[in-house]
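I'm opening a fresh page for a structure I haven't looked at before. Here is what I looked up, in the order I went.

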Amino acid sequence: MKVEREQQRRLLEVQGIDTEISRHRHGAAARELDLSMKDLTDQMGGLRRRLVAAETEASDLQREISRSEEDVRRVRARLERDRDLADQGMSAKVQRELQHELASLQRRLADLEDAELELMQRQEDLERLVEELRASEPALAEKMAAVAAQQSAAADETRQRVDELQTQRESLVVAIDPQVMSRYDALRGDLPVAVAPLTGTQCGGCRLQLPPADLAELTSADADDMVSCPECGCLLVRD
Ligand SMILES: [Zn+2]
């Protein structure tokens, strides 16, 4: 393929711009921001799951406490009734039975009250946990908003830089034979670098040192012959 030296050099510049555009589009900074955002989103998901679990447990516990309070109320009422009966002066046998029942009710009441106290302690712990989880949500949301703002600023910057590069590219492309450009575009679909300089004995595309026989063939070709690297197949522009 015959391509004027000037066009070969322009093609090399187009490749430089395309490499830079792709570097901007898949930049390390943007990737890092994406990773931060993913991490924060995961943290927020975890926080919300823990919050829902703690709130559900707290509401289950509240029902349990209500039941326990009802039990305590019933046993207290029974105790009062038995004490009233005991005060009414009954036969020794009935009194003994009443005393026996009173003692057993007292034990039952003490057990119920202990259990209720334990439930209330658990409820207090849970309420504290729910409060802590709720309190950490705004700070996390703020971090996410900050990263989102950085992402958006980085995207704007990328867009702006890519637009500038595209403009530069267009001004180069108009001066290149469309057939040469379509060859370049086809190669770019297959190769990471479609056109590269031949620097000394090294191909700028695959970075391999070319064997002397191949080099001799490349350098002996006419200046307007568009040659290719025998290793990677990219177009080679000679000095
Ligand atoms: Zn090569």
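Before reading any pattern I fixed my terms: helices (H or I, at least four residues) and strands (E, at least two) are DSSP runs, numbered from the N terminus. With that, I read α-α-α-α-β-β-α-β-β along the sequence, from five helices and four strands.

Ground rules next. I'm working with a predicted model, where local features need pLDDT of at least 70 and side-chain atom pairs count only at pLDDT 80 or more, while totals for chains, interfaces and linings use all residues. Residues are numbered from 1 along each chain as its sequence is written, and side-chain values use heavy atoms, with hydrogens and water left out.

Then I checked the overall shape. The C-alpha atoms fill a box of roughly 130 × 35 × 25 Å along the principal axes. I found a radius of gyration of 41 Å, against near 18 Å for a compact globule of 239 residues (taken over C-alpha atoms; the globule rule is 2.2 Å times the number of residues to the power 0.38).

I also looked up burial (buried is under 20% relative accessible area, exposed over 50%, partly exposed in between; 1.4 Å probe, protein chains only). Buried residues come to 29% of the 239.

Last, I picked one residue, Leu-40, in helix 2 (residues 28–87). Is Leu-40 buried or exposed? Leu-40 is buried, because its relative accessible area is 8%. Beyond its neighbours within four places in sequence, Leu-40 touches Leu-140, Lys-143, Met-144 and Val-147 (contact means heavy atoms within 4.5 Å). From Arg-10, Leu-40 is 30 residues away in sequence and 45 Å away in space, C-alpha to C-alpha.
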